[in-house]
Amino acid sequence: MIKLENVSKIYGQGSGAVHALKPVDLHVPKGSITGVIGTSGAGKSTLIRCVNLLERPSTGRVLVDEQDLTALSESGLRKARHDIGMIFQHFNLLSSRTVFANVALPLELMGITKRDIRDRVLPLLELTGLSDKAASYPAELSGGQKQRVAIARALASRPKVLLCDEATSALDPQTTASILTLLRDINTQLGLTILLITHEMEVVKTICDQVALIANGELVETAEVGDFFTAPRTQLGRTFLNDYLELEPPRNLLERLLEAPGERTHPIVRLAFRGDTASAPIISRLSREFDIEVSILEARIEDIQGRTLGLMIAELMGPTAITQDVLTFLNKLDLHVEVLGHVQRND
Ligand SMILES: Nc1ncnc2c1ncn2[C@@H]1O[C@H](COP(=O)(O)OP(=O)(O)OP(=O)(O)O)[C@@H](O)[C@H]1O
Ligand SMILES: [Mg+2]
């Protein structure tokens, strides 16, 4: 539904030029929710603003529903933007207009009659849970309600795509959850394709199907969310995930962790189990079949959109030759294994 081909953005010129976005290729499938995640200044806003050409890319093409936006005239672009709604971190509502009038604004600009505007706005207020707030002014609303108004307004022109720039970053966790639920409902009910940017893994975990990781203006990794949370492919992906999961070996162990195995060391492994592969049977199988002990240092279960993800950091306590066999065995199973390092044996 959205295709970025070789899209880059340089702000300014000469010695003051900022390469905010290096050439990026990104595909957002129709009906999906795709999250772009990255740290501050990574180029997330630049990327999303290039999609509706709020920023004109320095190179490349932007296709939305197979239409090349970069090739359109100003009037063609205005029309194409009806297919692309956008919401922002700070809502950007007009304080002098009521909730109803804020949602109606894009329709007024499109020249739609008053009666038709009413027929479109009221169901949107209903959808976003604002029916009783139609006559209220933004100043009378909570942050979550303001974002609902912004969502209703973004949907007024019946877009195919919704762009969200840190839409929940100004909200508390509970309100964030309710806005994310609303976005998920809109995605399923209206079949709307959503591209959102965030710096929070929690947002990605809660509603995204696909995730793209961006750093220093470069797209580092793109993955299905389930895959990303089980086995990120890049070092940066692993850093993001580990920071989020806070699944690090205990500090006293970290201090003893050696990079290479030695004569008398045990491997420390991080295991990620997906789906029904329960952790307990694997551990008992290792003990039984290889006659080693497995010391579990950290473990927990995460729910990733209804799918179970088990995480564990463990020490494989056996002679080197056997622990090597264990690692080979684990690598053949449907789980993700990472050797974090080695510790000196105490025995
Ligand atoms: N209009 C502009 N003119 C010059 N430089 C800009 C402009 N907008 C952004 N930049 C620079 O481009 C880089 C990427 O900025 P961008 O706003 O896209 O990052 P971001 O990932 O959205 O960050 P944040 O999480 O803080 O919102 C930054 O170095 C920023 O300073
Ligand atoms: Mg930003």
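Accessible areas here come from the Shrake-Rupley method with a 1.4 Å probe. On that footing, the protein exposes about 16600 Å², and carbon and sulfur atoms supply 48% of this area. Please keep in mind as you read that this is a predicted model.

## The overall picture

Let's start with the whole chain. The protein holds twelve helices and 14 strands, and its C-alpha trace spans about 80 × 50 × 30 Å along the principal axes. Of the 347 residues, 48% are buried. Among contacts with a separation of 6 or more, 70% are made by residues 24 or more positions apart.

Charge is worth a look too. The protein has 37 positive and 43 negative charges, and the mean positions of the two sets are 8 Å apart.

## Salt bridges

Side chains of opposite charge can pair when their charged atoms come close. With a cut-off of 4 Å between a side-chain nitrogen of Lys or Arg and a carboxyl oxygen of Asp or Glu, the count comes to twelve salt bridges. Three of these pairs are set out below.

| Salt bridge | N to O distance |
|---|---|
| Glu 5 and Arg 61 | 3.1 Å |
| Glu 108 and Arg 97 | 2.8 Å |
| Arg 184 and Asp 209 | 3.3 Å |

Take the pair of Glu 5 and Arg 61, whose closest N and O atoms are 3.1 Å apart. This pair links distant parts of the chain: Glu 5 sits in strand E1 (residues 2-11) and Arg 61 in strand E4 (residues 59-64), 56 residues apart. Glu 5 is partly exposed, because its relative accessibility is 28%; Arg 61, at 37%, also counts as partly exposed. Both residues belong to a network of salt bridges that includes Asp 68 as well.

Next comes the salt bridge between Glu 108 and Arg 97, at 2.8 Å from N to O. Glu 108 is in helix H3 (residues 99-109), while Arg 97 is in the loop between strand E6 (84-87) and H3, so the pair ties together parts eleven residues apart in sequence. With a relative accessible area of 38%, Glu 108 is partly exposed.

Finally, Arg 184 and Asp 209 meet in a salt bridge at 3.3 Å. Here Arg 184 belongs to helix H6 (residues 173-190) and Asp 209 to the loop between helix H7 (201-207) and strand E9 (210-215), so the pair ties together parts that are 25 residues apart in sequence. Arg 184 is partly exposed at 24% relative accessible area, and Asp 209 is partly exposed at 27%.

Note on methods:
Residues are numbered from 1 along each chain as its sequence is written. Chains are lettered from A and ligands numbered from 1 in the order in which they are written. Side-chain values use heavy atoms; hydrogens and water are left out. Helices (H or I, at least four residues) and strands (E, at least two) are DSSP runs, numbered from the N terminus. Buried means under 20% relative accessible area, exposed over 50%, partly exposed in between (1.4 Å probe, protein chains only). Contact means heavy atoms within 4.5 Å. Lys and Arg count as positive and Asp and Glu as negative; His and the chain ends are not counted. The place of a charge is taken as NZ of Lys, CZ of Arg, CG of Asp or CD of Glu.
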